[in-house]
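Open the model in your viewer and switch to a cartoon view. Keep a selection box ready. The stops below follow one another along the fold.

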Amino acid sequence: PQPTLAVVGRPNVGKSTLVNRILGRREAVVQDVPGVTRDRVAYDALWNGRRFTVLDTGGWEPDAQGLQAAVAAQAELAMSTADAILLVVDATVGATTTDEAVAKVLRRSKRPVLLCANKVDDERLMADVASLWSLGLGEPMPVSALHGRGSGDLLDAVLNAL
Ligand code: GDP
Ligand code: MG
């Protein structure tokens, strides 16, 4: 069976947009309104000749109530099912208490955890990216899932981790 990458994070940080960027096609459903549940979360991806499965955890998103607990549960599930985990954070917002809670869970992971700073549409956001070191998950990798900026470097790091 091919290795599995789970993409986790708060609603609206751009997980599904990033999954589509990884796939090179628009399959994961992008929502302007967060928290919409879907049935399908697993997609087949190919990068540099290697196949892997990407889990878009959007379908596990709860309503606003109990968000922190639900995102932590999402991270626990990812830790038990995936070979590597990608935590996506919105660099334009910075680390929220929910991001900190999920990072705390993921720091216990025996599997590799990568930190993606998404929505870095231009260079001016790089100072905000550096502040995400505070999550204790290593170097935040800047990406614009929308425009593709940084996605090649991110995918190289993902393949190294899988
Ligand atoms: P999810 O809930 O984490 O899956 O987030 P979505 O992928 O559904 O995206 C939520 C919103 O963020 C949508 O309006 C996206 O277009 C927007 N978005 C996602 N990635 C980027 C990005 O790199 N830059 C900007 N500016 N917006 C983004
Ligand atoms: Mg989504």
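Start at Gly24. This glycine comes straight after helix H1, and its phi is positive, near 75°. Before going further, remember that this is a predicted model. The protein chain has an average pLDDT of 87, and 87% of the residues score at least 70. For the complex, the predictor reports an ipTM of 0.99 and a pTM of 0.92.

**Stop 1: helix H1**

Step back from Gly24 and select residues 15-23, which make up H1. How many of the nine residues of H1 are buried? Eight of them are, so the helix is mostly covered by the cut-off of 20 or more other C-beta atoms within 10 Å. Colour the buried set: Lys15, Ser16, Thr17, Leu18, Val19, Asn20, Arg21 and Ile22. These residues pack against E1, E2, E3, E4, E5 and helix H5 (151-161). H1 lies across the five strands of that list, at about 165° to E3.

**Stop 2: the sheet**

Now show the strands. Six of them form an open sheet, in the order E2-E3-E1-E4-E5-E6. The pairing is mixed. Which strands are at the edges? Select 42-47 for E2 and 140-142 for E6; each pairs on one side only. From one strand to the next, the twist averages 30°.

Select E1, residues 4-8, together with E4, residues 84-90. The two run parallel and are joined by four bridges. Pick Leu5 to see one pairing: its bridge partner in E4 is Ala84. Then turn to E3, at 50-56. E1 pairs with E3 over four bridges, again in the parallel sense. Here Ala6 stands opposite Leu55.

**Stop 3: the E2-E3 hairpin**

Stay on E3 and add E2. These two strands run antiparallel, with six bridges between them. Trp47 has Arg50 in E3 as its bridge partner. E2 and E3 form a hairpin, and two residues lie between the strands. Select Asn48 in the turn, where phi is positive at about 50°. Is Asn48 buried or exposed? Asn48 counts as exposed, because it has 8 C-beta neighbours inside 10 Å.

**Stop 4: the E1-H1 loop**

Go to Asn12, in the loop between E1 and H1. Asn12 also has a positive phi, near 80°, although it is not a glycine. Sixteen is the count to check here: Asn12 has 16 other C-beta atoms within 10 Å, so it is partly exposed.

**Stop 5: Leu155 in helix H5**

Select Leu155, which sits in H5. Which residues does Leu155 touch, leaving out those up to four places away in sequence? They are Ile22 and Trp47. Ile22 belongs to the buried set of H1, and Trp47 was the partner of Arg50 in the hairpin. Draw the C-alpha to C-alpha distance from Leu155 to Ile22: it is 7.3 Å, for two residues 133 apart in sequence. Leu155 counts as partly exposed, because it has 19 C-beta neighbours inside 10 Å.

**Stop 6: helix H3**

Finish with residues 97-106, helix H3. H3 lies across E1, E4 and E5, and runs at about 165° to E4. Show H1 as well: E1, E4 and E5 are also among the strands that H1 lies across.

How values were computed:
Residues are numbered from 1 along each chain as its sequence is written. Chains are lettered from A and ligands numbered from 1 in the order in which they are written. This is a predicted model: local features need pLDDT of at least 70, side-chain atom pairs count only at pLDDT 80 or more; totals for chains, interfaces and linings use all residues. Two strands pair if DSSP finds at least two bridges between them. Axes are lines fitted to C-alpha atoms, for helices over the stretch in contact, and angles run from 0 to 180 degrees between N-to-C directions. Two residues are in contact if their C-beta atoms, placed from the backbone, lie within 7 Å. A residue is buried if 20 or more other C-beta atoms lie within 10 Å of its own, exposed if 12 or fewer, and partly exposed in between; C-beta atoms are placed from the backbone. pLDDT is the predictor's confidence in each residue, from 0 to 100.
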